[in-house]
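Reader: Could you walk me through this one before I set anything up? I would like to go through the strands, the helices and a pocket in turn.

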Amino acid sequence: MAQSQPAPADTELDAWCLRWLGSGVSETLFTTAHLSAVVGVRLKDDRKVVVKVRPPAARLAVCTAVQQALWHSGFPCPRPLLGPVPFGAHAATAEVLVPGGDLLALDGVAQYAALLARLVRQAPRPQAADMFAPHPPWTAWDHELGRIWPPADDRAADLNALPDTAWLDEVGDRVRRRLRRGLAGPTVVGHGDWGAHNLRWRGGQPWAVHDWDSLISAPEPVIVGLAAACWPTGVVRRPATLDESAAFVEAYQQAAGSCWSAGQVQAAWAASLWIDAFNAKKLALDGVAWLSPEEADRRLTLAGA
C-alpha cells in the first residue's frame with residue numbers, strides 16, 4: 001500500500017528538470033511530501049514550476065489530460081507542462097506554479113458550490129466509466145474488492161479488521177447498498193477532494209484549484225455529495241456539519257440551474273456519509289474522532305438508507 005512519498009534529491013530533480021523541461025533548477029521554493037512529493041522550483045531560465053512525484057498509475061495521464069482541457073477552457077487551475085513521465089521508479093508531472101491566493105471563509109458556500117458546478121460543466125465528458133480507475137479510496141464506494149473498505153492510500157492497516165470501530169462497517173455497508181440502488185443519471189467528471197485546502201481565492205474570486213490527481217468520474221449527485229462532506233476542511237479541521245452539507249447541496253443545484261429529485265438528494269447524502277465514514281475509520285487509528293454514531297444515523301436517514 002502507498003506510504004508517504006519522500007522528496008527527491010536535489011541532484012535527481014535538477015537532472016530531471018534539465019532533461020524534461022530544458023532547464024536545470026536554480027532555486028527550490030518549497031517542498032511538501034505525503035502521498036506525492038511536491039516541489040516548487042525556479043528554473044535557471046527563470047520559469048517557476050511545480051514538480052509532483054508519485055508512484056506510477058495509468059490514471060495520472062487521464063487526470064493530466066483533463067486538467068489541460070480545463071486550463072484551456074479558462075478554468076482556474078495550473079497549466080500542465082509535462083507528464084506523467086518517468087522519475088526513476090516513479091512518475092512525475094510538471095505544471096506552472098500559481099502562487100498565492102487565500103482560503104475562503106465558510107460563509108462562501110455558494111462560491112464553493114458554484115465553482116464545482118463550473119468544473120463539472122467545463123470538464124470533458126467521460127469516455128469510459130472506469131477512465132479514472134482506480135478512484136482514490138475515500139471516494140471508492142463502488143470498489144469491487146469483496147469487503148467494505150478499500151485499502152487506505154497512506155497506511156498499511158486493514159480498515160476491515162478494526163474491531164473498535166466496527167459500527168462504521170455497518171454504516172459503510174448501508175451506504176454502498178443505498179448507492180447501488182437506483183443511482184441514475186449520466187456520469188460526469190468531478191474533483192474527489194473538494195476541500196477548502198485545495199482551493200485558493202483572490203478577492204472572493206477563484207484563483208486556483210489544486211490536486212488534480214483526485215479527479216473522479218461518477219453520477220453528479222455522488223460528486224456533489226462527496227464535496228458536501230469535505231468542503232470546509234482546510235478552513236476548519238473537521239468535516240462539514242449537517243447544515244453545511246445541506247447548504248452545499250442546495251447551493252450547487254442553484255448554481256447548476258437544476259432541481260434534483262428526492263432520490264438524487266438522497267444519493268448525495270449517501271456519498272457524503274461514505275467519505276465521512278471512510279475518514280473516520282482511518283483516523284480512528286490516530287485517535288481522532290471524525291464522525292459520531294448520532295451524525296451517521298442522521299445522514300443515513302437523509303440518504304434513505
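Author: Let me begin with a term: two strands count as paired if DSSP finds at least two bridges between them. With that in hand, and keeping in mind that this is a predicted model, the bridge partner of V188 is A218 in β9.

Reader: And how many bridges are there between β6 and β9, and in which sense do they pair?

Author: Strand β6 and strand β9, the latter covering residues 215-219, are joined by five bridges and pair in the antiparallel sense. As for burial, β6 spans residues 187-191, and four of its five residues are buried, so that the strand is mostly covered.

Reader: OK, switching to the sheet of five strands, what is the strand order?

Author: The order is β1-β2-β3-β5-β4, in an open sheet with antiparallel pairing. The edges are formed by β1, residues 25-33, and β4, residues 80-87, each of which pairs on one side only. On average, and ignoring direction, neighbouring strands of this sheet are turned by 20° against each other.

Reader: What holds such strands together, in general?

Author: Strands of a sheet pair through backbone hydrogen bonds, and the arrangement is either parallel or antiparallel.

Reader: Which connections do β1, β2 and β3 make along the sheet?

Author: Seven bridges link β1 and β2 in the antiparallel sense, and these two strands form a hairpin with three residues between them; within this pairing, T28 has V41 in β2 as its bridge partner. Further along, β2 and β3 pair, again in the antiparallel sense, over six bridges. Their hairpin has four residues between the strands, and D46 there takes a positive phi near 80°. Strand β2 is itself mostly covered, with six of its seven residues buried.

Reader: Where does K52 sit, and is K52 buried or exposed?

Author: K52 lies in strand β3, residues 48-54, where V38 has K52 as its bridge partner. Its relative accessible area is 17%, and because the cut-off for buried is under 20%, K52 counts as buried.

Reader: Which residues does K52 touch, beyond its sequence neighbours?

Author: Leaving out neighbours within four places in sequence, K52 is in contact with S36, A37, V38, A91, A92, T93, D211 and D213.

Reader: D213 catches my eye; what about P136, which residues does that one touch?

Author: Residues up to four places away in sequence aside, P136 touches R59, D213, S214, L215 and I216. P136 is located in the loop between α3 and α4, and its relative accessibility of 7% makes P136 a buried residue. In space, the C-alpha atoms of P136 and G192 are 7.7 Å apart, although 56 residues separate the two in sequence.

Reader: Back to the sheet, then: which strands do helices α1 and α2 meet?

Author: Helix α1, residues 10-21, lies across β1, β2, β3, β4 and β5, and runs at about 120° to β4. Helix α2, residues 59-72, packs on the sheet and touches β3, β4 and β5, its direction making about 170° with that of β4.

Reader: Last topic: what lines the second largest pocket?

Author: That pocket has a volume of about 160 Å³. It is lined by 12 residues, of which P8, E12, F87, G88 and H90 are the closest to its centre. By class, the lining has eight nonpolar, three polar and one charged residues.

Technical notes. Residues numbered from 1 in each chain as written. Predicted model: local features only at pLDDT ≥ 70, side-chain atom pairs only at ≥ 80, totals over all residues. Heavy atoms only, no water. Buried < 20%, exposed > 50% of the residue type's maximum accessible area, 1.4 Å probe, protein only. Contact = heavy atoms within 4.5 Å. Axes fitted to C-alpha atoms, helices over the stretch in contact; angles between N-to-C directions. 1 Å grid on protein atoms, 1.4 Å probe; cavity = no way out; pocket = protein on both sides within 12 Å on 5 of 7 lines; lining within 4 Å. Points joined across faces, edges and corners; volume = space filled by probe spheres on them. Nonpolar A, V, L, I, M, F, W, Y, C, P; charged D, E, K, R; others polar.
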